[in-house]
Structure formats: structure tokens, C-alpha cells
Amino acid sequence: MSAAVDNWPALSFLEALRPGPDEHVDLALLASYSADLASIGAALLALAGKDSDAGRGSPSDLADAVERLRGKMRIIIQRGRLAKMRRTPRIAAVLDQFVREVDFDEAMHSWHPKAALVRTRNNNHEVGWRLWIGSRNLTECVNRDMGLLLVSGRDGAKPISGSGELARALAERAALNGIRPASLASAVSMIAWRAPPGVTVERIRWSTGSGALPIPVPPANADEVVVVSPFIDKRFLASQTPKEKKPPRRVLLTTMREIERLGPSLSAFDELLALDAPDYPVGDPEPEAPQSHDTAEPTAADDEEEEEEEIGLGLHAKLLFVRVGRDRTLWVGSANATDRAWSGRNVEVMAELRITEAVEKGLKALTNSARLVSAPEKEYEPDAAMLEEEALERARAQVAARWAATLSFDGDEARLQHISDIHPDGPHPEEVDFVLEAGSLQGQFMVWPRDSTTLQLGAMPLSERSEFVRLRVSRGEKGLSWLQRAPVDPPFGEERDRAAFVRLLGARGFLLWLAGLLADDGRDEGDWTTEKRKEPTLPSQKIGLDPGLPTLEEILAAWSRDRQKFREIERRVTEYLPAVREQVRHEDAQAGELLRRFENLWRKLKEGLGDRGRGR
């Protein structure tokens, strides 16, 4: 059998989320240990059915996705594990409403599941469900990951034990208005799920982090045990290598760093295999150059740098396989091969599967791609650089665990305030020689003095306001930076979102967006992550002749073609125009003239259509 057949079928995470052509998503709950803003935006676009084949979308696509999924979607991650983008567009501020963080202290346990529960409705109001469980974090890093996609159905479908517990846990953490965790758990537990060919799902195991779950142990008559994990520890591996008279064939696939760390104890395995370590988001990227409010297009050097980025093939899949005769059991999900993951101290999700020989060949294709190595003669002793990395990670975890800061405003001036009975002096790391800095999403880092519970972040206009706060811990020249939420009361609403989108599009970009909606021709606006907007300079006598702007003919054609869609476009014009009028004050006279001409045209058209314009 060829390698193409032996390998498991490939399905991207975004494909698993994307609804069908006649479906829309009305609930989406995603869990991940870590995330980055670009991937959150990509997931949002996919769930709204607005993403391209490359997982990208235009600014107006993102605006549509935000409007469609506001109040329907949550991404739940471990606090302290949200990475910023290499270049963070201002529009990323609006993604804060979709993220919720779990405040676990990582010195003891972590929020570590990777799952997605999605409910869809089609044009006939029929409900469909999708459930994805796997190892992939919601980041741009590309590694060797493994996931299981289940869809609701009839033929060959059946309810799965544990699915209700997963739904309840996600709903409790998501805290979406109108979603009752108990009701959702009851509904999901009764869903009949269809699994991929050759796979039978026995149960889903959702651990709560209480440490009450036992590690699965291979039976005494097991013929083969295969462990695949980027992280390992001695206790878990000992549980998978029982000392029987006729022990099973034992295979371990991990990374060289872990093999060197555990050393001679790994000699108990019949095959010791290694793949590259997985890629993770950069902990302290190079600082961004200050950006003006009229951002120029990326340079050729920027494009060349992006083209040279390599796709990583590091190991990030987590699998446990046990074969007893012809019976094959495969555990797949988020848990590493460690006692902390499997004993229940972390929150994890794993699916227990019965698989066929054909599916087993996919596992063998993975192990056959690794290199065979020997167990080291001694355990690796960490050097000074590794110890400093570990110290930085401890400092990050301490700040995340102690975080109790909220964001408030006095006019445009933003302020962080930390209020905690447990850590009254602030969220600073325990070691006093670490420096804590904070800043707004687009602002500069400022040192947060120890024993101070407040920090002024500076001016933050409405279009750039976000609950996302940049944090950095450092000692000497080494540091780690990340994002965290600082809640605002009341939360930012639709007014902030519209101001952010109009700020990115500009007045002319807004009119181009409307023209594309009216003509239904998908006009190219670029990608939302690049934040490039270059206003054209037109001779004054040609204002109003720009072929990209809405015309009377396009407006009338859209009205006659689809009255319901036209009413949706009309709603957007009404809701967005106040933000566009505010934005045009910061642009040139030509942009203001274009907007005035459009408003006059729109008003006269509405007066002419009268009641017919409302679809009567």
C-alpha cells in the first residue's frame, strides 16, 4: 500500500470548523491551551464561511464574521498563553470579545484541552453538530498534529459517552448569554455522532483538573504499546511498560530534547524514535516599529521575509496505542505522556477509539517517518541558558496566576488597576530582579513598579480600545512577552467594533466595501492582517468618477435583485455612517467629498424608492 494511502487523511482545522454552503453557525465553543491573534481571526472567518482557501480574509470579511458571531462564539485558553502577531493590526482589538481565559496557576495545573463544539443551522432550520478533538493549539505554528472530527448524523451514528461533560465544561467557561451549561450538556449527550471510516469512538474523557482520574494501563496480554508525545515523564512511561514474563513490544516516539532529559530510563523501549521538537509562538518577538495612522504598504523586504518562512514538521501529536491480538485501542487528544496530563491535574480531553488495521497503518506511517535513536547513557543536565528560560516561564506563569487587573478610562486615557486580596501589591513575579512591563495593544511597554497597583497606559482612541493588554517579564536582556485580558466594565460594544473597522478601511474603503456588496462581485480589499491602506490621489474634477465606488445603477440593481439582501446592506449603511463621518475628519478633502456625494445619492434614492425601499 502506498504512503499516500497509509497516511491518515489530511483535514485542516479550519476545514473542520467551516459550515456547509447552506449552513450558518449559531454556536461555537473552542478550547485551546494557547492561541495567537492571527489564528483567532482565521477561526472566526472560517466559522462565518468567509475565509479563503489559505485561511485569510479581507477587512470587510472580518467585519461580517464579527457581526455574525458576536455573542455566539468563545475561544477558551490558558491565561498567559495568548501570543501577539509579528505585526499586530489595529483591527485585532475587536477579537477580545471572543476570548476567555482560565486563571489556573501553571505551577500546579493547566487548562490544556484542544476541542471545538459547533452547532449549525441550514436554510431549512435543521440543526447539525460538529465535534473536533485533537492536539492542535489555535496558533499559526505548523506541526505534526492529530485530530478527530465527529459530525452528527444518522447512518452508523451513535451517542458517545462523555460528550455531555465536554459540552458542559466548555459552556461553563464560555459564559455566553442564553447558553445554559446543563441544557447544552443534555442535548449534546443525546446526539448521534458519525466517526471516520475504521474508527469507533468508545468514549470521550474530559478531566476536570482535580487529579481524580487514573492513568490507563495496558492489559497483561498486550502485544504492542506505542506512545507518541512531545513531552514525557518517567511515571507515565513506567505505567505503559509493565514487567510481565512476556512484555509487549514497546515503542516511544518523542523529541531528542526529551530523550536526552530522561536518559537511560528509556532503554526499556524496544524502539526509541525521535522527530523534531514542535514550533511554538515566539515568546519575545522583535519590537515593532511605531506605526502611523496611515499605514504604508509592506515593503518588498517584508514580502521576501514572509516567503522564506519555513513550515515546521515538529512533533505535537499525542497518541497512546495498545494492540491485544486483533483488538486495537487508540487514545487521541490533548494529553502529553506525563503523569500531570493523565492523572487529572490538567484539564485535558482524550477520545478512546477502537480502530481497524487500516487505520493502524496511519500510525505506522507516522512512526516510520521518525529516526531510530539509542537511549543516552546519562540524563541531560540543564545549562545556564535553559535554566534562565525556565525562570522566565515561571515568572510568566506567576504574573498570569496573580493577574486581577481591570481596564478603565478617563476620557481617552487608559488605566490598569490591580485589585486582589491574595496578591494586594500587584501581579509581579516572585523573584524581585524580574521586571514587569505592560502596555496597550498598540502602545509602548511601560515598567510597572513593584508595590504599585495601578499603571497609566496613555491615550487609547475608541477604534483601538481593547481588553487585550501586552505584558512582558524580563531579567537583563532576556524576556518573554504575551497578551492577557483586562476586563472593562461595561464591555466594549458594537460602537467600538465599527469604529475599528472604519479606521482600517477608511472612508473610501468603506464605500468600496458597499460597492462590492451591492455588485456582489467580491472586490479585492487585501488581507485584514496586513493593515495596508493607501488612499488614491484623484484630480478634483474626477471625484465621483472612481469606478470602485457605488453607482446609482448598482444600488438599483441590488434592490431589484434581492430585497432581503438590500435591506441588510441598508442596515449596514445606517449603522456604520456615524463612524465613517468621524473617520473622514482625519482624512483628506477628497475622502470627505466622496462621502458627501454618496450620502446625497443614497438619500435621494431612498426618497425615490419610498416604501418600496423597505421591501413592501
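**Note on the predicted model: two sheets and some helices**

1. T200 is partly exposed, because its relative accessible area is 35%. (Buried means under 20% relative accessible area, exposed over 50%, and partly exposed in between, with a 1.4 Å probe and protein chains only.) T200 is found in strand β10. Helices (H or I, at least four residues) and strands (E, at least two) are DSSP runs, numbered from the N terminus.

2. A word on the source. This is a predicted model: local features need pLDDT of at least 70, side-chain atom pairs count only at pLDDT 80 or more, and totals for chains, interfaces and linings use all residues. Residues are numbered from 1 along each chain as its sequence is written, and side-chain values use heavy atoms, with hydrogens and water left out.

3. Which residues does T200 touch, leaving aside its neighbours within four places in sequence? They are K158, E352, L353 and R354. Contact means heavy atoms within 4.5 Å. The C-alpha atoms of T200 and G156 are 9.9 Å apart, with their positions 44 residues apart in sequence.

4. Strand β10 belongs to an open sheet of 8 strands. The order is β10-β16-β15-β14-β11-β12-β13-β17, and the pairing is mixed. β10 (199-206) and β17 (371-372) stand at the edges with a single partner strand each, so one side of each has no neighbour in the sheet. Two strands pair if DSSP finds at least two bridges between them.

5. Look at the β17 edge. Strand β13 (residues 271-275) pairs with β17 in the antiparallel sense over 2 bridges. A274 stands opposite R371 in β17. Helix α5 (residues 163-174) packs on this sheet and touches β10 and β16 (349-355). The direction of α5 makes about 45 degrees with that of β10. Axes are lines fitted to C-alpha atoms, for helices over the stretch in contact, and angles run from 0 to 180 degrees between N-to-C directions.

6. Helix α11 (residues 357-368) also lies across strands of this sheet, among them β11 (224-228), β12 (249-255) and β14 (319-324). α11 runs at about 55 degrees to β11.

7. There is also an open sheet of 7 strands, again with mixed pairing. Its order is β5-β3-β1-β6-β7-β8-β9. The edge strands are β5 (99-102) and β9 (193-194), each paired on one side only. Strands β1 (residues 23-31) and β6 (residues 115-122) pair in the antiparallel sense over 8 bridges. In β6, A116 is the bridge partner of L30.

8. Turn to helix α4 (residues 59-69), where S60 is found. Is S60 buried or exposed? S60 counts as buried because its relative accessibility is 3%. The C-alpha atoms of S60 and W528 are separated by 8.2 Å, although these residues are 468 apart along the chain.

9. The axes of α4 and α15 come within 14 Å and cross at roughly 95 degrees. That makes α4 roughly perpendicular to α15. (Angles under 35 degrees count as roughly parallel, over 145 as roughly antiparallel, 65 to 115 as roughly perpendicular and the rest as oblique.) A63, D64 and E67 of α4 meet R571, R572, E575 and Y576 of α15.

10. Helix α14 (residues 552-561) has four buried residues to find: E554, I555, A558 and W559. They lie on the same side of α14, because they cover an arc of only 135 degrees around the axis. The arc is that of the directions from the helix axis to the C-beta atoms. Their cover includes α13 (494-519), α15 (563-584) and α16 (589-609).
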